[in-house]
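The report below follows the packing of a nonpolar core and the strands and helix around it. Please keep the sequence and the 3D view at hand while reading.

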Amino acid sequence: MKINMNKLRNKAKKAQRRGSGAGARRLDEGKNYFRVLPFPAVKDPDEDYEVVFEAANHYRVSDSVKVYACRNVCWDLWCPVCEAIENLERGDDKDDQKIANELQANFQYLFLGFDPTDDDPSLEILQCKPREFQAIMKIMLDEEESPDLLDKTRGRALVIEKTPAVDKNGKKKKFNGYQ
C-alpha cells in the first residue's frame, strides 16, 4: 500500500490553520497566500458576484446560549439580541450599559478561495477579523497594484504577511501588522 505523505502533511498543515470548529482558515504568523474567488451574490440582488461575506456573532448571550449569530448582520433580518442591546442602551443604568457593550456583535469577514502554494489546493473559507479585513481590502482596492486580482483567468493570490507586535522587552504581543 502506497501513501502520499506530502498530501498527508498538507492536510495536517491545513488542519492547524483552521479556526475553532467552523472549519475556516485563519491567517498564520508570517506569509499567507490566498487566491480570492468571487461567489454568487447572496444579499444584493443587483450584484452578480460578491467577494466577502460579512458575519457577526453575539457572545455570552445567556448561560445556555454561548454564541448567537447576529441575524441582522448575517441575513438582514430582525435580531432579538440587537433589539435587547438597543433597549439596554436607552436607559441610564451603568450596569445595563455594560451588559449592552458586552453583547455587541463581533464582526468577522469570510472570503472564498484557496492557497495556490498547497500541493493539493482545495476550496477554503478564510475567516478574518476587522483589522485583517481592512488590510486585505487595502490591497484589493489598489487598482494600480492589483488590477486583475479578482479576474477569473488572470487573477492572482494575495500575499498577506502577518507580523506580531513586540513589547519593550522583545516579547511577542498580539498581531498587529499586515501587508
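## The main nonpolar core

In this predicted model, the largest nonpolar core has 13 residues, and those that touch the most other members are Val36, Phe111, Leu126, Ile136, Met140 and Leu158. Two or more residues come from each of strand E1 (30-36), strand E6 (106-114), strand E7 (124-128), helix H5 (130-140) and strand E8 (158-166), and H5 gives the most, with three residues. In soluble globular proteins, nonpolar side chains tend to be buried together.

Leu126 shows what surrounds one of these core residues: leaving aside residues up to four places away in sequence, Leu126 touches Arg25, Arg26, Leu27, Phe34, Tyr109, Leu110, Phe111 and Ile136. Apart from this core lies another, of 11 residues, among them Cys82, Leu88, Ala100 and Ala105.

## Helix H5 and its faces

The buried residues of H5 are Glu132, Phe133, Ala135, Ile136 and Met140. Seen down the helix axis, these buried residues of H5 fall within an arc of 165°, so they line one face of the helix. The face of H5 turned away from that buried side carries Gln134 and Lys138, which are exposed. As background, an α-helix has 3.6 residues a turn, so residues three or four places apart point the same way.

## Aromatic contacts between E6 and H5

The count of aromatic pairs comes to two. In one of them, the ring centres of Tyr109 and Phe133 lie 3.9 Å apart with their planes at 10°, and the pair is stacked because planes under 30 degrees apart count as such. Tyr109 belongs to strand E6 and Phe133 to helix H5, 24 residues apart, so that the pair links distant parts of the chain. Both rings belong to buried residues, since the relative accessible area is 11% for Tyr109 and 17% for Phe133, where buried means under 20%. Tyr109, Phe111 and Phe133 together form one aromatic cluster.

## Strand pairing around E6

Strand E6 also takes part in the antiparallel pairings listed here.

| Strands | Sense | Bridges |
|---|---|---|
| E1 and E6 | antiparallel | two bridges |
| E4 (residues 52-59) and E6 | antiparallel | six bridges |
| E6 and E7 | antiparallel | five bridges |

Individual residues help to place these pairings in the 3D view. Val36 stands opposite Gly113 in E6, while the bridge partner of Gly113 in E7 is Glu124. Ala55 stands opposite Gln108 in E6.

Note on methods:
Residues are numbered from 1 along each chain as its sequence is written. This is a predicted model: local features need pLDDT of at least 70, side-chain atom pairs count only at pLDDT 80 or more; totals for chains, interfaces and linings use all residues. Side-chain values use heavy atoms; hydrogens and water are left out. A nonpolar core is a set of buried Ala, Val, Leu, Ile, Met, Phe, Trp, Tyr and Cys residues joined through side-chain atoms within 4.5 Å. Buried means under 20% relative accessible area, exposed over 50%, partly exposed in between (1.4 Å probe, protein chains only). Helices (H or I, at least four residues) and strands (E, at least two) are DSSP runs, numbered from the N terminus. Contact means heavy atoms within 4.5 Å. Rings of Phe, Tyr and Trp (its six-membered ring) pair if their centres lie within 6.5 Å; planes under 30 degrees apart count as stacked, over 60 as edge-to-face and the rest as tilted. The arc is that of the directions from the helix axis to the C-beta atoms. Two strands pair if DSSP finds at least two bridges between them.
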